[in-house]
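Hi,

Here's the structure I said I'd pass on. Have a look at it first, and my notes are underneath.

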Amino acid sequence: MAAAKEILLRRPVAATIRLTVPAGGARPAPPVGPALGQYRLNLMAFCKDFNARTQKYKPDTPMAVTITAFKDNSFEFTVKSPSVSWYVKKAAGVDKGSTRPGHLTVTTLSVRHVYEIAKVKQTDPFCQYMPLESICKSIIGTANSMGIKIVQDLE
Amino acid sequence: MLARNFIKHFPCKNLSRHHILRDSVRPLIFFTSSTPQSSFSISASLSTSSSSSSSSSCFTDESFAAPYLSVRINCPKHVLDPFSDALLCFGASSVAVDEDIEEDNEDAASGSSLASKEICIESIFPVHEEVKMCISQAANSIGLKEIPKFKVEMGDEQDWITKNQDLFQPVEIADRLWIVPEWTSPPVPEAVNIILNPGFAFGTGEHPTTKLCLLLLQSLIKGGEAFLDYGTGSGILAIAALKFGAASSVGVDIDPLAIKSASHNAALNNIPLEKLELHLAPSENSSSGRETPLQKEQFDVVIANILLNPVMELADHIISFAKPGATIGISGILSEQLPNVKERYSPFLENISIATIGDWVCMSGTKKGEFIDNC
């Protein structure tokens with residue numbers, strides 16, 4: 001473990017925080033407040049920075065943010081587009097997935113939806129070099145785990 | 001941007017067809033929540049009074065002091081990443097992992113042989129969320145065989161508010177210009193000291209954009225100007241302008257908390273009401289349009305330190321308040337966003353100059369017009 005820490009020797013990391021924040025809508029209230037406040041991170045600096053960098057997204061789109069908090073109370077963060085399950089739920093028009101995925105299907109989506117979601121996800125920093133087909137398979141997997149079936153065409 | 005276009009055009013034609021299915025799922029959720037509470041405990045530790053300075057209490061608004069649930073979950077190390085993502089999908093507001101290995105394992109009910117393979121996640125949930133349901137759904141979705149052990153506590157809202165205020169230290173913007181928190185005495189009493197309690201409004205002087213705007217103001221204000229601070233936040237720029245010698249300042253913001261903070265700060269700096277006017281601008285949602293009781297072409301210096309989108313949308317509006325020949329400063333924008341802003345404002349501004357600190361820029365120029373003000 002000590003060796004791993006030496007690799008990150010720029011600054012020692014205190015914690016990694018993940019949260020969902022609406023694009024352009026970060027405010028120092030819960031959940032941002034307590035989550036960052038615990039590690040003494042400058043809330044207003046994060047809010048201003050995050051809001052400025054998410055101006056190009058439709059307001060209130062829930063963005064997935066990963067914050068690396070360093071021991072000296074400084075921080076860095078990366079912003080990703082909403083999670084696949086958010087897109088899937090929005091496409092299907094449901095709030096929550098199934099309570100018994102695999103057994104109970106809440107709703108269905110068409111292959112075309114999967115393709116549209118994959119195209120958006122491909123713009124994420126992570127997925128840029130992944131073939132569209134792999135992204136689609138991963139989306140189908142997530143949808144199935146939420147109890148949402150993918151069909152060829154919606155009747 | 002691809003993502004934005006995609007979201008706008010997403011058809012929700014499935015909505016009506018699946019309403020029936022959705023309602024039939026609901027009863028299941030309620031059923032499972034009534035299981036015996038043997039596997040988790042809720043200890044509510046609400047802190048009622050605040051031991052911190054009394055001034056902090058006048059800024060505790062309902063939304064900031066909202067209760068939340070703080071949940072500690074013991075998660076197997078090898079599934080940390082997918083499990084964190086799954087938690088966020090199924091209802092958690094945030095998920096945090098400490099880098100230090102927790103030595104203190106008295107909370108873990110499992111035997112110590114497993115302790116080294118588990119990691120502790122601190123998660124925040126909205127107060128009405130079904131924590132057990134979310135955790136079990138998250139665990140199922142990544143194929144965990146059993147639900148991780150967890151403990152729920154009521155979040156201590158005063159704790160993070162106090163920690164946040166403690167961060168604010170005196171800041172030296174330039175030689176003999178300091179921003180000092182209300183609860184600290186100025187390090188250099190002879191300097192121009194602006195006393196602030198920003199509450200939850202933006203503007204402590206620490207952010208690069210605030211610094212850029214303060215430096216711009218310092219170079220522009222010679223004495224007797226009328227200044228407009230569009231997006232005033234804590235009021236820091238409006239107050240600074242008066243301290244530099246402006247005749248009057250007006251601060252506008254869409255957030256009522258900002259107006260409250262700014263008027264509190266005006267009092268802290270002994271600024272009479274005639275010198276600093278504050279107006280609450282209607283936000284985009286109100287239908288009455290942007291009517292503020294301000295006259296056009298009234299100000300010698302106008303600064304708008306907001307964000308890219310408002311600055312673009314309100315360009316005509318902001319410029320209309322400036323006299324011809326007045327200086328307008330725009331900030332709160334990143335250097336990559338500058339070309340758009342420049343394009344938007346160049347029909348109206350000449351002598352455009354850019355100041356940069358890090359990724360942030362401040363663009364300033366003088367308003368084109370027939371009568372150039374020579375003072």
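Below is what I found, starting with chain B as a whole and then going through helix packing and a few single residues.

One thing up front: this is a predicted model, so please read everything here in that light.

**Chain B overall**

Chain B has 375 residues, and 47% of them count as buried. Its secondary structure comes to 12 helices and 15 strands. If you take the contacts in chain B with a sequence separation of 6 or more, 70% of them are between residues 24 or more positions apart. The chain exposes about 18200 Å², with carbon and sulfur atoms supplying 53% of that area.

**Helix H3 of chain B**

I spent some time on this helix, which runs over residues 80-89. Which of its residues are buried? They are B:Leu80, B:Phe83, B:Ser84, B:Ala86, B:Leu87 and B:Leu88. On the spacing, here's the usual rule: an α-helix has 3.6 residues a turn, so residues three or four places apart point the same way.

What do those buried residues pack against? Within chain B, the partners are strands E2 (68-76), E3 (94-98) and E4 (118-126), plus helix H5 (131-141). Chain A joins in too, with its strand E1 (13-22).

The packing of H3(B) on H5(B) is worth a look in your viewer. The two axes are 8 Å apart and the angle is about 135°. That makes the pair oblique, because the roughly antiparallel class needs an angle over 145 degrees. The crossing of H3(B) and H5(B) is right-handed. From H3(B), the residues involved are B:Phe83, B:Ala86 and B:Leu87, and they meet B:Ile135, B:Ala138, B:Ala139 and B:Ser141 of H5(B). Sorted by class, this contact has six nonpolar residues, one polar and no charged ones.

After H3(B) comes B:Gly91, with a positive phi near 140°.

**Helix H4 of chain A**

Over in chain A, helix H4 (residues 84-92) has contacts with two helices that I looked at, H6 and H5.

With H6(A) (residues 132-145), the axes come within 10 Å and cross at roughly 65°. H4(A) is therefore roughly perpendicular to H6(A). The crossing is right-handed. On the H4(A) side the contact uses A:Val84, A:Ser85 and A:Val88, and on the H6(A) side A:Ile139, A:Thr142 and A:Ala143. By class, that is four nonpolar residues, two polar and no charged.

With H5(A) (residues 111-121), the axes come within 11 Å and the crossing angle is roughly 145°. This crossing is right-handed as well. Here A:Val84, A:Tyr87, A:Val88 and A:Ala91 of H4(A) meet A:His113, A:Ile117, A:Val120 and A:Lys121 of H5(A). The class count for this contact is six nonpolar, one polar and one charged. A:Val84 and A:Val88 turn up in both of these contacts.

**Backbone oddities**

Most residues other than glycine have a negative phi, and most peptide bonds are trans. Here are two non-glycine residues with a positive phi.

- A:Arg40 has a phi of about 60°. A:Arg40 sits in the loop between helix H2 (32-37) and helix H3 (43-53) of chain A, and is partly exposed at 33% relative accessible area.
- B:Asn270 has a phi near 55°. B:Asn270 is in the loop between helix H9 (256-268) and strand E11 (276-280) of chain B, and counts as exposed at 68% relative accessibility.

**Two more residues in chain B**

Is B:Thr327 buried or exposed? B:Thr327 is buried, because its relative accessible area is 15% and the cut-off is under 20%. B:Thr327 belongs to strand E13 (residues 322-334). Leaving out residues up to four places away in sequence, B:Thr327 touches B:Leu220, B:Asp300, B:Val301, B:Val302, B:Ser364, B:Gly365 and B:Thr366.

B:Lys368 lies in the segment after strand E15 (360-367) and is partly exposed, at 38%. Beyond its neighbours within four places in sequence, B:Lys368 has contacts that include B:Pro324, B:Phe348 and B:Glu350. As for B:Asn270, its C-alpha atom is 36 Å from that of B:Lys368, with their positions 98 residues apart along the chain.

Cheers

Conventions: Residues numbered from 1 in each chain as written. Chains lettered and ligands numbered in written order. Predicted model: local features only at pLDDT ≥ 70, side-chain atom pairs only at ≥ 80, totals over all residues. Heavy atoms only, no water. Buried < 20%, exposed > 50% of the residue type's maximum accessible area, 1.4 Å probe, protein only. Helix = DSSP H or I, 4+ residues; strand = E, 2+ residues; numbered from the N terminus. Contact = heavy atoms within 4.5 Å. Areas by Shrake-Rupley, 256 points an atom, 1.4 Å probe, with all protein chains shown as cover. Axes fitted to C-alpha atoms, helices over the stretch in contact; angles between N-to-C directions. Parallel < 35°, antiparallel > 145°, perpendicular 65-115°, else oblique. Left-handed = near helix turned anticlockwise from the far one by under 90°. Nonpolar A, V, L, I, M, F, W, Y, C, P; charged D, E, K, R; others polar.
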